[in-house]
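Q: Before we look at any single feature, could you take me through how each kind of feature is read and then show me the case in hand?

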Amino acid sequence: MPPIEFPYELVANTPFSDNFDQISGEFPDADVKIITSGGLRILAHRSILASSSPVLESILGRPRKHRSSEITIPILGVPCDAVALFVRFLYRPKCTEEEMDKYGIHLLALSHVFLIPHLKQRSTKVLIERLMIDNVVDMLQLARLCDTPDLYLKCMKMISSNFKAVEYTEGWKFLQDHDPWLELKILEYIDETELRKKKTRRNREEQSLYLQLSEAMECLEHICTEGCTSVGPYDMDRQKNKGLCSKFTTCQGLQILIRHFATCKRRANGGCSRCKRMWQLFRLHSSICDQPDLCRVPLCRQFKLKAQVKKGDDARWRLLVRKVVTAKAITSLSLPKRKREEEATDHLGVGSFGR
Ligand SMILES: [Zn+2]
Ligand SMILES: [Zn+2]
Ligand SMILES: [Zn+2]
């Protein structure tokens with residue numbers, strides 16, 4: 001089989017074109033021979049190999065018996081066409097999609113072994129794009145061998161979200177027989193993902209509870225200060241509040257609760273759960289309220305005084321208060337700017353009305 005020799009045309013327009021002899025117009029003779037598994041010999045130039053890969057540079061820098069003798073580098077265990085493609089890439093860093101499809105795996109392995117970052121990036125990207133249920137376990141093993149975190153994580157995610165299907169692949173069966181540690185790692189990852197999902201769900205539910213409480217606090221102030229459809233302060237101008245409240249659902253629920261609280265015979269002490277809830281909402285308001293002297297919410301000052309006498313609330317209550325305050329801050333931050341300004345003027349209006 002005649003050796004492959006890379007013609008200087010390949011090199012003349014690359015960053016390596018320094019090797020091109022400007023005066024004679026000739027490219028120096030090939031001085032490295034690469035031997036592949038299939039017996040293919042590839043002739044190449046040491047200056048180009050050495051400047052592309054620190055590993056090749058160190059191989060080429062080793063002392064030799066005869067300074068002038070040709071150096072031989074074996075690159076075995078990879079199809080010879082893949083090696084030829086790899087060497088060509090060192091001359092001109094371009095590969096067609098078709099070549100990548102066919103030899104992406106080998107190029108990743110070669111780029112890892114010979115430390116060629118841009119080829120590694122390119123082949124990783126291609127392999128990620130072509131991930132499939134059928135090859136994902138093999139790709140995971142490759143990613144681990146070649147220390148490619150991007151590919152590794154993509155594979156883990158794909159396996160984790162398609163585990164039922166992956167279990168039937170040849171790759172998975174092979175892995176179970178030959179690499180129990182990696183199998184364990186995958187199962188752990190799936191468990192962690194499940195846990196993370198559960199935790200996120202729980203956090204979201206909690207967050208929505210705090211948001212509801214925060215909205216209830218807003219409504220409580222609004223009802224007790226300016227009044228709403230059916231409940232309001234004694235000096236409320238009922239003519240003024242004909243329109244539908246902007247937080248109708250929460251506000252109406254709260255108004256029903258307030259009316260109940262005002263008329264219930266059993267009260268919180270008597271074990272009425274609705275009154276107890278209202279009582280907690282008044283207490284929560286008082287913990288959040290920063291203007292107790294001007295505030296028109298019932299029991300606000302009483303709760304403040306009680307908290308002072310008791311030297312503060314207990315830790316769990318303080319945590320609840322902090323979460324509700326944070327939820328309020330988050331909603332006001334996530335409102336678009338114009339809405340926020342409207343709200344701010346709204347609040348100013350409420351403040352002066354309260355005085
Ligand atoms: Zn309202
Ligand atoms: Zn009651
Ligand atoms: Zn208050």
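**Reading the model feature by feature**

A: Just after α7, Asp147 takes a positive phi of about 50°; helices and strands here are DSSP runs, H or I of at least four residues for a helix and E of at least two for a strand, numbered from the N terminus. This is a predicted model, in which local features need pLDDT of at least 70 and side-chain atom pairs count only at pLDDT 80 or more, while totals for chains, interfaces and linings use all residues. Residues are numbered from 1 along each chain as its sequence is written, chains are lettered from A and ligands numbered from 1 in the order in which they are written, and side-chain values use heavy atoms, with hydrogens and water left out.

Q: Which residues other than glycine have a positive phi besides that one, and where do they lie?

A: Most residues other than glycine have a negative phi. Leu115, which is not a glycine, has a positive phi of about 55° and lies in the loop between α5 (97–113) and α6 (117–129). Leu299 also has a positive phi, near 70°, and is found in the loop between α13 and α14. Leu299 counts as partly exposed because its relative accessibility is 22%, where buried means under 20% relative accessible area, exposed over 50% and partly exposed in between, with a 1.4 Å probe and protein chains only.

Q: How many helices and strands does the chain have, and what share of its residues is buried?

A: The chain has 16 helices and four strands, and buried residues make up 35% of its 355 residues. Among contacts between residues at least 6 apart in sequence, 60% join residues at least 24 apart, a contact being heavy atoms within 4.5 Å.

Q: Why is helix α7 described as largely enclosed?

A: Helix α7 (residues 136–145) is largely enclosed by the rest of the structure because seven of its ten residues are buried. Those buried residues are Val136, Val137, Met139, Leu140, Gln141, Leu142 and Ala143, and they pack against α5, α6, α8 (149–161), α9 (163–166), α10 (170–178) and α11.

Q: How should I read a metal site, and which residues coordinate the zinc ion (ligand 2)?

A: Donors are N, O and S atoms within 2.8 Å of the metal (3.2 Å for Na, K and Ca), and water is not among the atoms, so sites may look incomplete. The zinc ion (ligand 2) is coordinated by His260 (NE2), Cys264 (SG), Cys272 (SG) and Cys275 (SG), at 2.0 to 2.4 Å. Ideal angles are 109.5 degrees for four tetrahedral donors. With angles of 100 to 116° among its four donor atoms, the site of ligand 2 is tetrahedral, a class in which all angles lie between 85 and 135 degrees. Along the chain its donors follow the spacing H-x3-C-x7-C-x2-C. Here a pair links distant parts of the chain, with His260 in helix α12 and Cys275 in helix α13, 15 residues apart. His260 is buried, with a relative accessible area of 19%, and Cys275 counts as buried at 0%.

Q: What are the protein donors of the zinc ion (ligand 3)?

A: They are His285 (NE2), Cys289 (SG), Cys295 (SG) and Cys300 (SG), lying 2.0 to 2.4 Å from the zinc ion (ligand 3). This site is tetrahedral, with angles of 97 to 116° among its four donor atoms, and its donors follow the spacing H-x3-C-x5-C-x4-C. The pair His285, in helix α13, and Cys300, in helix α14 (residues 300–309), links distant parts of the chain, 15 residues apart. His285 is buried, with a relative accessible area of 2%, and so is Cys300, with 1%.

Q: Is Ser286 buried or exposed, and which residues is Ser286 in contact with?

A: Ser286 lies in helix α13 and counts as buried, because its relative accessibility is 3%. Leaving aside neighbours within four places in sequence, Ser286 is in contact with Cys300, Phe303 and Lys304, and Cys300 is one of the donors of the zinc ion (ligand 3).

Technical notes. Tetrahedral: all angles 85-135°; square planar, octahedral: opposite > 155°, others 65-115°.
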